[in-house]
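Here are some notes on the structure, set out as numbered points. They start with helix packing and move on to the core, a loop and a few individual residues.

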Amino acid sequence: MNKFNTMESLSIKIKISDRIYPMKVQPEDETFVRRAGNILTERIRGYQKKLGIQDQQDLLAMVAFDCLVAYLKVQEATGTKSNQLIQKIEGWNNSIEKALQ
């Protein structure tokens, strides 16, 4: 056990694309890891049915690319909302400063 983690890691197995991958995860991450494995499996099946592709490496590459595009969209949206919030706070700050003068 390292000094930063007070809990022991769990040994779990995740099935991805017809292969079993043993993993060690923190107990608080287990649900996320298992859910990610299930989502990955669903997306692989979706591409398999939709495009008729059987090559597992091609399917994994397409799913990885799709996930990265979605991640970048979320990052951009989060950044835009953060910038809007910062601008709003700066506006309030300016209004307060004017009122105090």
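1. In this predicted model, helix 1 (residues 30–51) and helix 2 (residues 56–100) have axes that come within 9 Å and cross at roughly 115°. Helix 1 is therefore roughly perpendicular to helix 2. The crossing of helix 1 past helix 2 is right-handed.

2. On the side of helix 1, the contact is made by L40, R43, I44, Y47, Q48 and L51. Helix 2 contributes Q56, L59, L60, M62, V63, D66 and C67. By residue class, this contact between helix 1 and helix 2 divides into nine nonpolar, two polar and two charged residues.

3. Which residues form the largest nonpolar core? There are eight: I12, I14, I16, V25, I44, Y47, L59 and V63. At least two residues of this core come from each of strand 1 (10–16), helix 1 and helix 2. Strand 1 gives the largest share, three residues. Several core members also belong to the contact between the helices: I44 and Y47 on helix 1, and L59 and V63 on helix 2.

4. I14, one of the core residues, has further partners worth checking in the viewer. Not counting residues up to four places away in sequence, I14 touches R19, I20, Y21, M23, V33, R34 and G37.

5. The loop between strand 1 and strand 2 (19–25) deserves a look at its backbone. S17 lies in this loop and has a positive phi of about 50°, although it is not a glycine. D18 is found in the loop between strand 1 and strand 2 as well, and its phi is also positive, about 65°, again in a residue that is not a glycine.

6. Are these two loop residues buried or exposed? S17 counts as buried because its relative accessibility, 14%, is under the 20% cut-off. D18 is exposed, with a relative accessible area of 64%, because the cut-off for that class is over 50%.

7. S9 sits in the segment before strand 1. In space, its C-alpha is 4.5 Å from that of Q26, although S9 and Q26 are 17 residues apart in sequence. Leaving out residues up to four places away in sequence, S9 touches K24, V25 and Q26. Among these, V25 is a member of the largest nonpolar core. S9 itself is partly exposed, at a relative accessible area of 30%.

8. L60 is found in helix 2 and is one of the residues in the contact with helix 1. Which residues does L60 contact, leaving aside its neighbours within four places in sequence? They are I16, S17, L40 and I44. Of these, I16 and I44 are listed in the largest nonpolar core, while S17 is the buried loop residue of point 6.

9. With a relative accessibility of 30%, L60 counts as partly exposed. For a separation to set beside its contacts, take E30: L60 and E30 are 30 residues apart along the chain, and their C-alpha atoms are separated by 22 Å.

Note on methods. Residues are numbered from 1 along each chain as its sequence is written. This is a predicted model: local features need pLDDT of at least 70, side-chain atom pairs count only at pLDDT 80 or more; totals for chains, interfaces and linings use all residues. Side-chain values use heavy atoms; hydrogens and water are left out. Axes are lines fitted to C-alpha atoms, for helices over the stretch in contact, and angles run from 0 to 180 degrees between N-to-C directions. Helices (H or I, at least four residues) and strands (E, at least two) are DSSP runs, numbered from the N terminus. Angles under 35 degrees count as roughly parallel, over 145 as roughly antiparallel, 65 to 115 as roughly perpendicular and the rest as oblique. A crossing is left-handed if the near helix is turned anticlockwise from the far one by less than a right angle, and right-handed if clockwise. Contact means heavy atoms within 4.5 Å. Ala, Val, Leu, Ile, Met, Phe, Trp, Tyr, Cys and Pro count as nonpolar, Asp, Glu, Lys and Arg as charged, and the others, Gly among them, as polar. A nonpolar core is a set of buried Ala, Val, Leu, Ile, Met, Phe, Trp, Tyr and Cys residues joined through side-chain atoms within 4.5 Å. Buried means under 20% relative accessible area, exposed over 50%, partly exposed in between (1.4 Å probe, protein chains only).
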